[in-house]
Amino acid sequence: MADMWGDLLDVQDEAAAKKKSEAELKQFTVDEGLSDIARALLFLKGANEVQVHHVAANLAALFREHGRAVHDQLGDQVTRLVRKCAPEISVCVAQSMLQMVQRKYMSEADAASCALGVAVAAITATRSETEVFNSWLEVLDALVPTLPAAVLETDLCALALHKGEVDASVESRVACCSILGAIAPRLSKATVEHRFLTKAMDMCQDTDYAVRICMCGQLAAIAHAIGPEATEALVLPEVLELVEDEERSVRLAAYQCVLELLGGGAEDDGGEE
């Protein structure tokens, strides 16, 4: 793992060359005998921005090399980090988590248990940073196929409903729509109807066009979960109203939704019991 820390050593050399104060240099000086995980933990606890960013960027490499032990020793610290860190560091952690999941550096069960809590913490803490939301929603999209339906119904459904509260930011409400669309195909018709169908339909009437656009993009997935009868009774009227929306971009999204529905998005009940 020597190469992994090369950039940080370069930072140390640069700092020395610029005659930084002894206190500043001390922040970049670590015991060379520390393990990779111990060094990463030290950096995270030290809260030096350069060191923290370096750990965030290299989390996937740590997982590849050391597996579940990384989560066991760093998980709590990383979760605390994403709740309060700068947006660029949160995005960096999300990118590492996404790489870990997509490249299967751990088993699906371990990847889900390690990444899900961090992703939920990050999304819960985020208020309006679009890039942060999008980065962590990518992580959730990658995790959804690996998660039990019970986890989707409890953890992710609750997260979506929280982010979709009427006084939440536009970006937060958009995230709500995205999560609902991602989990709907994995849930039973009864679960979707009971837990969030009404909320999804309400989002079609949101006052912000970005939320209405996003919800249009999720309606085919929801229709697939609830079946043709419920789709005709509940979803289709909303889509037809959105086709006449005052915003052109919403109308285009609604037309695309109609095409998806006509293409078989609601052929059967789908979902998991």
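In the predicted model, the largest cavity is lined by Leu59, Phe63, Val70, His71, Leu74, Gly75, Val78, Met97, Cys114 and Val118. Two or more of these lining residues come from each of helix H5 (59–66), H6 and helix H8 (108–125), and H6 gives the most, with five residues. The space enclosed in the largest cavity amounts to about 50 Å³, and its lining, sorted by class, comprises eight nonpolar and two polar residues, with no charged residues.

A search of the whole structure for cavities of 30 Å³ or more returns two. The second largest cavity holds about 40 Å³ of space and is bordered by Leu137, Leu140, Asp141, Val144, Leu156, Ser178, Ile179, Ala182 and Ile183. Helix H9 (130–143) and helix H11 (170–183) each provide at least two residues of this lining, with H11 giving the most, namely four residues. In terms of class, the lining of the second largest cavity has seven nonpolar residues, one polar residue and one charged residue.

Turning to pockets, the largest pocket contains about 220 Å³ of space. Its lining consists of Leu44, Lys45, Ala47, Glu49, Val52, Gln77, Arg80, Leu81, Lys84, Cys85 and Ile89, to which helix H3 (36–46), helix H4 (49–57) and helix H6 (68–84) each contribute at least two residues. H6 again has a leading part, giving the most to the lining of the largest pocket with four residues, as it gives the most to the lining of the largest cavity. By class, six residues of the pocket lining are nonpolar, one is polar and four are charged.

The largest nonpolar core has 88 residues, and those with the most contacts inside it are Val93, Trp136 and Leu156. Helix H14 (residues 209–242) gives the most to this core, with 14 residues, and the core takes at least three residues from each of domain 1 (35–133) and domain 2 (148–263). In soluble globular proteins, nonpolar side chains tend to be buried together. When residues up to four places away in sequence are not counted, Val93 touches Ala56, Leu59, Val78, Leu81, Val82, Val118 and Trp136. Several of these partners also appear in the linings described above: Leu59, Val78 and Val118 are among the residues around the largest cavity, while Leu81 is one of the residues lining the largest pocket. Of the other residues with the most contacts inside the core, Leu156 also lines the second largest cavity.

A further position considered individually is Thr191, which lies in helix H12 (residues 189–195). Thr191 is classed as buried because its relative accessible area, 14%, falls under the 20% cut-off. Leaving aside neighbours within four places in sequence, Thr191 is in contact with Glu153 and Phe196.

For the chain overall, the secondary structure comprises 15 helices and zero strands. Buried residues account for 48% of the 273 residues in the chain. Among contacts between residues at least 6 apart in sequence, 70% join residues at least 24 apart.

Note on methods:
Residues are numbered from 1 along each chain as its sequence is written. This is a predicted model: local features need pLDDT of at least 70, side-chain atom pairs count only at pLDDT 80 or more; totals for chains, interfaces and linings use all residues. Side-chain values use heavy atoms; hydrogens and water are left out. On a 1 Å grid over the protein atoms alone, a cavity is a set of points where a 1.4 Å probe fits but cannot get out, and a pocket is an open set with protein on both sides within 12 Å along at least five of seven lines; lining residues have an atom within 4 Å of a point. Grid points are joined across faces, edges and corners, and a volume is the space filled by probe spheres set on the points. Ala, Val, Leu, Ile, Met, Phe, Trp, Tyr, Cys and Pro count as nonpolar, Asp, Glu, Lys and Arg as charged, and the others, Gly among them, as polar. A nonpolar core is a set of buried Ala, Val, Leu, Ile, Met, Phe, Trp, Tyr and Cys residues joined through side-chain atoms within 4.5 Å. Buried means under 20% relative accessible area, exposed over 50%, partly exposed in between (1.4 Å probe, protein chains only). Domain bounds come from an automatic or database domain assignment. Contact means heavy atoms within 4.5 Å.
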